[in-house]
Amino acid sequence: MKTLHIIMVVVVAAVVTACSDSDIENAVTPRTPEADTAATLVAAENAVPENPLKDAYFGETHVHTALSFDALIGMIGDGIRTPDDAYRLAKGETLKMGGQEHSIGRPLDFTAVTDHAEYIGESYSTITPGAPGHDSPDLISLRAADTPEKQLVWYTNFSAKQRAAGGKKNLHFYAGAATLRSGWQMVLDAAANHYDPGTFTTFAGFEWSTVVKGGNLHRNVIFRDMTVPLQPYSAIDSSDETELWAWMAEQEANGSTLFAIPHNSNAGKGLMFPATYPDGTPIDADYAAMRNRYERSIEIMQVKGNSEVHRQFWPNDEFADFENADSMQNYSERTPMKNNFVRWGLIEGLAQKAKLGTNPFQLGIIGATDNHNGAPADVVESNFIGSHGPVDSTPELRQSGEIPPWLLAKDENPGAIAGVWATKNTRGAIYDAMYERETFATSGPRMKIRLYAGADLSPNPTDATKLVTDGYAKGVPMGGNLGSLGNAPTLTVYAEKDSIGANLDRIQIIKGWVDSDGEHQERIINVVWSGDRTQGTDGQLAAVGSTVDVQNATYDNSIGVSVLMGSWTDDEFDPARHALYYARVLEIPTPRWSTYDAVRNNLPLLNDVSATIQERAWTSPIWYSAD
Amino acid sequence: MVAKVFSEPLVHFTIIGIALFLLYQGVSPGARMDRVVVVSEETVALVSQRYAAVWMRPPTGGELKGLIDNHIREEILYRDGVEIGLDLNDRIIRQRVLQKLEVLSEESGGLNPPTDAELNDYLRDNASRYANSPILDYQQVMLDPVRHGASIEADLIDVLTKLNAGVDPTTVGDSSLLPASATGVRLDRLVRDFGVDFATAALTLPVGSWQGPVPSGFGWHIVRIDRKTAESAARLEDVRAAVELDWEKERRLQARESYYQKLLKDYDVRIETSPSEADLDQVQE
């Protein structure tokens, strides 16, 4: 009997241990969200009321999640943040990241998650148990690299290999196109799940991340709706932007609606606004037409610096010293040059228009972050936890570290935010506004700015609502085109501070044109400002002052004003000359993120970066055409 | 002589012992399964399922053979690894086991979907999280103290008086694009447009007359609430999905915690350094 017992026990034990590992990881059934049918979605979008005078919507058009391989490396050990997590953060939720509970603050109105197309498959393999390639030895060791030191080794290795291959090959543990498509599907699913017409808009998107001779020529591609290809287009497919545009044309033929946003021209090594095709032949009308059709805005500022202007090349612009990110020139020989900057590119567009008939650089202005923590629009200066995972995740590292291979951490900034004037918060309305260039960028705060131009606009507006209704009825808004005029245009401008932010200092208008010698010309006009300052005969206006207490990282709103409204008529108007006008509004000085870091952590203030900044917004230009 | 040997109890015990030992060797899982790999139908199905989950189609005949060959190779190598003790003291394996146990412990609280009664209890206990926002219809007029300087107080009183006397709101105050009026506005929208101070104050205003001044980041406002729907408790049918998600999350966390606490009771924990009293207090968490 005892033996029988032994046998029974033994048999039972054998049966139990012979069971396959019960796939506990599969025991948790994922919740499948209710799929919105196309009809329900359209109905929901139609039900959202429209404001014909438009409202400003704030969002993100450039953020990286765990599907971007460089961002993924930095997330090991801190928590993988997927596109789904990025949208949660965008909606204002709190997530544990960088060792703390973090939120971006106020929810955004819209977001496009734009992961690097090149290694989405490799990232998918890394994070998905059971995916092809998941158990390759390299990825096992990557997932075990849970300290910043190990990650840095991994990252340096990764970016070195990428550069050695010219960014043109998949990584050696790439497990095939199926992984790329599965990763892309994750992007699409997250966008579908979080779209809430009228409240929060998501866009499918990706980043084409080409690097030519070390010059950054990346573009973010945004789709108007979910008619999208099976996989995105990457620099491995081609590093030539004309081929990207050709691919975009193919997608249009397949029913997609899409456009591209270039960024970081400050690191462009002179290649962002070129006079030639990549192969050296001069650009022609075809190039101009394609670029004008597919590249509708440029990202004027992000964590890796401000690309509007640089104090070295614009000594007469007193505000050109904002986030110049000088240490960028120490990496990949990215010496600053004047033709990297957006103001130069915009005016150059007028020169090329005169030659080619179409303006190849007719770019609206938009802002974004390029955050690699999966945190969209994480732009609040007083709550900055870094943007690139462990390399800038502590105050000490942000003072003394670097973000390889780009710049020193002290030269980064939390990033910029996109502002869009749209009739309602739905994909179609926001996309169309971006495509028509009725957009502005801010360096982080949510101030709002309006700009109109027309020969029939009344100067010295006092009624803001009338400024807007007249502007639409009798003129064109930012991003618009003025046809040939007999009389000088009047530009009307309105700006409103961020409801929880700093007061405003002034609104300026910048006019650009090309003179008869073919030289770029520009003029900066102070249009309207706070307080009782008077403008000198040379147009100069005294600084607004500062209430910043650097020792305590505080400021107050006892200077500046909450609303500004004014106009300027072009007293040097030449009807026979193409020109452009854009507006720039500045806040009173406030502490820079590096000052908050120093004060809160008992660290010395850095003496080679500003302790204070004047946050600002820029509108898209209005183009005057002499034709 | 032989018969005498075989009648010794010690010999009986020895023979029975050897027989038991041989029997055990024969039937024990370790002995039999060490050198036999069984690829059951369930295993084949599982392997195919895993493949299909990634590739969105079942494997072809050739692919399936490859998958099974892989499985066999893995199984044999794995057993060899375990035999020579490769699974011991490995951090990655340790973490994986912890991960699996975490899921197991979370599910020890039960897998059944919540009943309506359970959801309603949860909703009641966390009412403020799901409450329907108060909704306002309002009008407002803004005065920026920077523009009015020393006369701001007098100007505010002037505007307040005029508005309550029926003057058209668009003719008083400072011009801006802040919404002069809006209907059906939820609290979060109000906070977004004007800031928290304004929204909190607006909620306390009586309905039907101009009141103020109410502060915001823009300046001072004279505000009229035309209609107010108070915050109301959510009905389960309106917020069911969110409540289910949160209820499930809480159940998992509680199950995980009680699983661990139950295990902890059976352990004798000794710390061999000499921590301060303060450190000791935190150990049991």
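This report describes sheets, helix packing and an aromatic pair in chains A and B of a predicted model.

## The four-stranded sheet of chain A

In chain A, four strands form an open sheet in the order S5-S7-S10-S11, and the pairing within this sheet is mixed. The edges are occupied by strand S5 (115-116) and strand S11 (258-262), each of which has a single partner strand, so one side of each is left without a neighbour in the sheet. Strand S7 (residues 205-208) and strand S10 (residues 219-223) of chain A run antiparallel and are joined by 4 bridges; within this pairing, A:Trp208 of chain A stands opposite A:Arg219 in S10(A).

Helix H10(A) packs on this sheet, where it touches S7, S10 and S11 of chain A, and its direction makes about 160° with that of S11(A). Another helix, H14 (residues 427-435) of chain A, lies across S10 and S11 of chain A and runs at about 55° to S11(A).

## Helices H10 and H11 of chain A

Besides touching the sheet, helix H10 (residues 241-253) of chain A meets helix H11 (residues 285-294) of chain A, the two axes coming within 10 Å and crossing at roughly 60°. An angle from 35 up to 65 degrees falls outside the parallel and perpendicular classes, and H10(A) and H11(A) are therefore oblique to each other. The crossing in which H10(A) passes H11(A) is left-handed.

On the side of H10(A), the contact is made by A:Glu241, A:Thr242, A:Trp245, A:Ala246, A:Met248, A:Ala249 and A:Glu252, while H11(A) contributes A:Tyr287, A:Met290, A:Arg291, A:Arg293 and A:Tyr294. Sorted by class, the residues in the contact of H10(A) with H11(A) comprise 7 nonpolar, 1 polar and 4 charged.

## An aromatic pair at H11 of chain A

Over all chains, the count of aromatic pairs comes to 26. One pair has the rings of A:Tyr277 and A:Tyr287 with their centres 5.3 Å apart and their planes at 80°, so the pair is edge-to-face. A:Tyr277 lies in the loop between S11 and H11 of chain A and A:Tyr287 in helix H11 of chain A, 10 residues apart, and the pair thus links distant parts of the chain. A:Tyr287 is also among the residues of H11(A) that make the contact with H10(A).

## The four-stranded sheet of chain B

Chain B also has an open sheet of 4 strands, in the order S2-S1-S4-S3, with antiparallel pairing. Its edge strands are strand S2 (181-186) and S3 of chain B, each of which pairs on one side only. Neighbouring strands of this sheet are turned by 40° against each other on average, direction ignored.

Strand S3 (residues 210-216) and strand S4 (residues 219-229) of chain B run antiparallel and are joined by 5 bridges, and S3(B) and S4(B) form a hairpin with 2 residues between them. In this hairpin B:Ser216 stands opposite B:Gly219 in S4(B), and B:Gln211 stands opposite B:Val223 in S4(B).

## Helices H11 and H12 of chain B

Helix H11 (residues 187-194) of chain B lies across strand S1 (135-143), S2, S3 and S4 of chain B, running at about 130° to S2(B). H11(B) also packs with helix H12 (residues 196-204) of chain B at an angle of about 135°, with their axes 7 Å apart; H11(B) and H12(B) are therefore oblique to each other, and their crossing is right-handed.

In this contact, B:Leu187, B:Leu190, B:Val191 and B:Phe194 in H11(B) meet B:Val196, B:Phe198, B:Ala199, B:Ala202 and B:Leu203 in H12(B). The residues of the contact of H11(B) with H12(B) divide into 9 nonpolar, no polar and no charged.

Definitions and conventions. Residues numbered from 1 in each chain as written. Chains lettered and ligands numbered in written order. Predicted model: local features only at pLDDT ≥ 70, side-chain atom pairs only at ≥ 80, totals over all residues. Heavy atoms only, no water. Axes fitted to C-alpha atoms, helices over the stretch in contact; angles between N-to-C directions. Parallel < 35°, antiparallel > 145°, perpendicular 65-115°, else oblique. Left-handed = near helix turned anticlockwise from the far one by under 90°. Contact = heavy atoms within 4.5 Å. Nonpolar A, V, L, I, M, F, W, Y, C, P; charged D, E, K, R; others polar. Pairing = 2+ DSSP bridges. Phe/Tyr/Trp six-rings, centres within 6.5 Å; stacked < 30°, edge-to-face > 60°.
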